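I am opening a fresh page of my notebook for this model, and I will write down what I looked up and what I found.

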Amino acid sequence: MENVLRPLIVIGGSVVLTLVVGWAVDRLMRKADERHRETPLWGLLRRARIPFQLVLCAALLRGSYDQANILDGYRVGVGRALTLVLIGSAAWLAIRVAAAIVETSFTRYAHAHRDPARVRRVRTQVTLIMRVVAAIIGVVAVAAMLLTFPAMRAAGASLLASAGIIAAIAGVAAQSTLSNLFAGLQIAFGDTVRLGDVVVVDGEWGTIDEITLTHLTVRTWDERRITMPVSYFTSKPFENWSRGGAQMTGTVFLHVDHSTPIPEMREKLRDILRRCPAWDGRAWDLSVTDSTPNTMQVRALVTAKDPDDIWTVRVTVREQLMAWLANEHPHSLPRVNTAEAVLPPVHGNGHRPDGHRPTASPDGEVPRPRTHRAHQAPGTERR
């Protein structure tokens, strides 16, 4: 009877005690979260209840397994397995607690500072720091697991003697990986690019969606994801539209006829911008920037608070100005003119300036030059 009750009491008691303690701790953290709404710490710590219960259960079983008198022939293997579970769950718990503390600190910082650029910068740093911390904890946990095996302890002593050679070989073999790793740290603390920044990379316009220690993801305007090594952003030039502020100035170019009423067009641009919610009201202008034999180029200058709004303002201005010209001033739209060749005027001696005499018609009269007239498409006015 004792051989049955002893392992049942040891194992069952460990499991029941783990569940009771886990439930009590979770209840306390829930009440603390309801009482302190100003901080998300307690709510984030509740995410660690599963690794906490796993650590507690593994520790109880590891400490009381010798008194269970079960599987005596496999006592060493079972004890080592419980040790491995304890180390792994402790690393999991440490990562969850560190993430809760870091996330709480970032939330307080974000509430205290209203500058979006600074908040995105800290967010990028916090994300990469958490990845580094998780990697370090994972490496330490794996090393601790390996050291529980006696054979690995002897191997570790021999590896230390050749650490220099191994480091050199690893450095050459993982040169690109290490360069990306250091580039990720440089981006995190050098403030080159941040989460949420609007960038133009290789002709693609998008937003920084994810930054890791080795790669960076750009989400384009059409919902595509471009994954690039972080070393690209430390070795090649790129456009960062969010650097130094999100405000932007945009331009709209139109080709119109020379007879276009520029003052009226300028007033129409002002009316369009006043009715456009995306315009931030900082500046606007309309100027003639170029002229060709057939048309002239007009540039409308507008401003907005961010890249998304500047796109909205530009397309709105372009659409409504073209509609206004088509309805109110159709003669201002660019046209392709065709005309018959015009002969030079005839002097009093009957010779043209090039020295040639016009050919007379059969009745003896010299043909008079024809007047220049533009051939237009039906329904358009003559110039």
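**Entry 1: strand β6.** Which side chains along strand β6 (residues 248-256) point to one face and are buried, and which point to the other? Working on what is a predicted model, I found that Met-248, Gly-250, Val-252, Leu-254 and Val-256 are the buried set on one face, while Thr-249, Thr-251, Phe-253 and His-255 point to the other face and are not buried. I then looked up the pairing of this strand, and noted that β6 runs antiparallel to strand β8 (residues 296-304), with 9 bridges joining the two. For Leu-254, one of the buried residues of β6, the bridge partner in β8 is Val-298.

**Entry 2: after the strand.** I followed the chain to Asp-257, which lies in the loop between β6 and α10 (262-274). Its relative accessible area is 3%, so I record Asp-257 as buried, the limit being under 20%. The side chain of Asp-257 has a polar contact of 2.8 Å with the side chain of Ser-259. In helix α10 I also noted a salt bridge between Glu-267 and Arg-270, with 2.2 Å between the closest N and O atoms. These two residues are about one helical turn apart, because they are 3 residues from each other in α10. Glu-267 is partly exposed at 37% relative accessible area, and Arg-270 is partly exposed at 27%.

**Entry 3: the open sheet.** Next I looked up a sheet of 5 strands, which is open, pairs in the antiparallel sense and has the order β4-β3-β2-β1-β5. Its edge strands are β4 (225-229) and β5 (239-240), each of which pairs on one side only. Strand β3 (residues 215-220) is joined to β4 by 5 bridges, and within this pairing Arg-219 has Arg-225 as its bridge partner in β4. Both of these arginines also belong to a network of salt bridges that links Asp-209, Arg-219, Glu-223 and Arg-225.

**Entry 4: Thr-207.** I chose Thr-207 in strand β2 (residues 204-211) for a closer look, and found it buried with a relative accessible area of 15%. Beyond its neighbours within four places in sequence, Thr-207 is in contact with Gly-196, Asp-197, Val-198, Thr-217, Val-218 and Arg-219. The C-alpha atoms of Thr-207 and Asp-197 are 5.5 Å apart, although the residues are 10 positions from each other along the chain.

**Entry 5: a link between distant parts.** Where do the two partners of the salt bridge between Arg-131 and Glu-210 lie? Their side chains meet at 3.7 Å, N to O, and the pair links distant parts of the chain, with Arg-131 in helix α5 (residues 116-147) and Glu-210 in strand β2, 79 residues apart. Arg-131 is partly exposed at 33%, and Glu-210 counts as partly exposed at 31%. A search of the whole structure gives 13 salt bridges.

**Entry 6: surface and whole chain.** On the surface I noted a nonpolar patch formed by Ile-50, Leu-54, Val-85 and Trp-92, with about 340 Å² of accessible area together. Helices α3 (49-64) and α4 (75-112) each supply at least two of its residues; Val-85, in α4, is partly exposed at 40%. For the chain as a whole, I recorded 11 helices and 10 strands, with 31% of the 383 residues counted as buried.

Notes. Residues are numbered from 1 along each chain as its sequence is written. This is a predicted model: local features need pLDDT of at least 70, side-chain atom pairs count only at pLDDT 80 or more; totals for chains, interfaces and linings use all residues. Side-chain values use heavy atoms; hydrogens and water are left out. Buried means under 20% relative accessible area, exposed over 50%, partly exposed in between (1.4 Å probe, protein chains only). Helices (H or I, at least four residues) and strands (E, at least two) are DSSP runs, numbered from the N terminus. Two strands pair if DSSP finds at least two bridges between them. A polar contact is a pair of N or O atoms within 3.5 Å; within protein, one must be able to donate a hydrogen and the other to accept it, and residues adjacent in sequence count only if both atoms are side-chain atoms. Contact means heavy atoms within 4.5 Å. Patches are made of residues with over 30% relative accessible area and no salt bridge: like charges are joined within 9 Å, nonpolar side chains (Val, Leu, Ile, Met, Phe, Trp, Tyr) within 5 Å. Accessible areas come from the Shrake-Rupley method with a 1.4 Å probe; for residues, only the protein chains shown count as cover. A salt bridge is a side-chain nitrogen of Lys or Arg within 4 Å of a carboxyl oxygen of Asp or Glu.
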